[in-house]
Amino acid sequence: MTSSENESDLSGPEGPDDPAPDPVEDIVVIGTGFIGLPLALLLADHGKRVVGVDIDQHLVREINDGTLNLDEDELQDLLTTGPVERNLEARTEPTDGDAFVISVPTPLTEPNKSPDLSALEAALESIRPYLEPGDLINVESTIPPLTCEETIVPFLKEAGFEPGADIQLTHSPERILPGNVFDELVGNDRVIGGIDETSRRRAASIYEPFLEGEIYYTDLLSAELCKLMENTFRDVNVALANEFALIGEELDIDMSDVIELANRHPRVDILQPGIGVGGHCLPIDPWFLNEVDPEHTNLITSARRINDKMPAVATRKIRRALASHADPTVLAFGAAYKPSVDDRRNSPAMQIVADLRGDGYRVRHYDRYVDELAYDDLPSVLERESPDVVVQLVPHEKTVAALEAERARLIDTGVDVLQFGVENPIEP
Ligand SMILES: NC(=O)c1ccc[n+]([C@@H]2O[C@H](COP(=O)([O-])OP(=O)(O)OC[C@H]3O[C@@H](n4cnc5c(N)ncnc54)[C@H](O)[C@@H]3O)[C@@H](O)[C@H]2O)c1
């Protein structure tokens, strides 16, 4: 069952005569990290009374003091607006509310790549004392298929509720992109899967005050699958590009040029290869599908493995450059998992630096976006570190430009320069 608000024959999940859902005025957001906090800020800015709950006391204090440093100007500005100061309170413990939005981490257990739902279970347990008939639970965290049916519904029944009858349950997975959170939160289309229509309509009323994208309604399992399929689609396509690049290496040809030619075909759109796939979603979410159906996820898990081995491919190339220097100093630029963000979660660049250091190489590591690794001026860093090999791991625009400007001079003085991600991303 899928319907959209804007299709004329499907005016939404409700029938024309259904009463409007009870208003959602008091919203408790459990987990005020990357996903939960921007939502909490937008809701508070639109007049909702919001309690943001996080087990991280430091974060809670910074939200309440307005001293948190957020990546994006729009979010940073929101933190200190009047409505947000009035309507948002951060706490370490939940409280009563009309709706509970859950946005806690759902990582993998290593090394077996199974979903770790302990934070979700802890979040549910923490709201148990505050749940009342008529409340809505809306899960934004990315969750494996059937989590609502097999984990959340049994939890609610055990807590004395009948989901769909006296308590509402929805899953509305988040799609926002690091670096563009505010615009995407407002502009992206939103999928809301619900246990019933009342739940779906009530969850929609959380987003409607600020949402410019469309809302599409479906059931819980379809919403769970939808999010995982989106990220798996992207991961598999990156893996295809990476595999093409590896074939190019074998045949000693720059595949970027060939990809560009192939993309002249009207129905072909090959992505760019790279040094690996990082972040919080792509390296994790495909495994959630594998967990529920190992038999039919061969392509998906192969793609994961191809992407996982790309940092080692890059490391091999760097080692080759290092072999011609005695006791070399490596100067590495870039730690984030992609350009223009400070997010280092599952970053291939971090893995490459760790592997080189593991080999015993002296690696100086900088990233203009990451506070602990930041630098003012690339030429001064070059001067200070006197590197034998300079490696650009992440093509942050300004780093690429600054390094390009120094490249000829460095090469003239015997320094090797490897810039990943400029033309052929796996070919420095
Ligand atoms: N980061 C992304 O780009 C992104 C995009 C879409 C979906 N998601 C999904 O959203 C979910 C949250 O991801 P995130 O990036 O916001 O993670 P995050 O680590 O930035 O934030 C999660 C927050 O939850 C808090 N927390 C953990 N357990 C808690 C508990 N029991 N009670 C209260 N707070 C608790 C943590 O302290 C942390 O501050 C994950 O399922 C993730 O897969 C993330």
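**View 1. Where the ligand touches Ile35, Val104 and Arg345.** In this predicted model, an oxygen atom of the ligand sits 2.8 Å from a polar backbone atom of Ile35. Val104 also joins in through its backbone, with one of its polar atoms 3.4 Å from a ligand oxygen. At Arg345 it's the side chain that takes part: an N or O atom there is 3.1 Å from a nitrogen atom of the ligand. Taken alone, the ligand would expose 830 Å², and the protein buries 88% of that.

**View 2. The shell around the ligand.** Pull back a little and you'll find 26 residues surrounding the ligand. Phe34, Ile35, Asp54, Thr106 and Thr142 are the closest of them. Helix H5 (residues 118–127) supplies the largest share of this shell, three residues.

**View 3. Glu25 and Lys48, a salt bridge between two loops.** The side chains of Glu25 and Lys48 meet at 3.7 Å, N to O. Glu25 belongs to the loop between strand S1 (3–4) and strand S2 (26–30), and Lys48 to the loop between helix H1 (36–45) and strand S3 (49–53), so the bridge ties together parts that are 23 residues apart in sequence. Glu25 is partly exposed at 33% relative accessibility, while Lys48 is buried at 9%.

**View 4. Helices H9 and H12, linked by two salt bridges.** Start with Arg304 and Asp235, whose side chains meet in a salt bridge of 2.6 Å, N to O. Arg304 sits in helix H12 (residues 298–322) and Asp235 in helix H9 (residues 220–251), so this pair connects parts 69 residues apart in sequence. Both ends are tucked away: Arg304 is buried, with a relative accessible area of 1%, and Asp235 is buried at 1% relative accessibility. Then look at Glu249 and Lys317, which pair up at 2.4 Å, N to O. Here Glu249 comes from helix H9 and Lys317 from helix H12, so parts 68 residues apart in sequence are tied together. Glu249 is partly exposed at 27% relative accessibility, whereas Lys317 is buried at 6%.

**View 5. A salt-bridge network.** Glu125, Arg128 and Glu158 are linked to one another in a network of salt bridges. The count for the model comes to 17 salt bridges.

**View 6. A nonpolar patch on the surface.** Ile247, Leu251, Ile253 and Val258 make up this patch, with about 340 Å² of accessible area together. Val258 lies in helix H10 (residues 255–262) and counts as partly exposed, at 33% relative accessibility.

Key:
Residues numbered from 1 in each chain as written. Predicted model: local features only at pLDDT ≥ 70, side-chain atom pairs only at ≥ 80, totals over all residues. Heavy atoms only, no water. Patch = residues over 30% accessible without salt bridge, like charges linked within 9 Å, V, L, I, M, F, W, Y side chains within 5 Å. Areas by Shrake-Rupley, 256 points an atom, 1.4 Å probe, with all protein chains shown as cover. Salt bridge = Lys/Arg side-chain N within 4 Å of Asp/Glu carboxyl O. Helix = DSSP H or I, 4+ residues; strand = E, 2+ residues; numbered from the N terminus. Buried < 20%, exposed > 50% of the residue type's maximum accessible area, 1.4 Å probe, protein only. Near = heavy atom within 4 Å. Polar contact = N/O pair within 3.5 Å; in protein donor to acceptor, adjacent residues only side chain to side chain.
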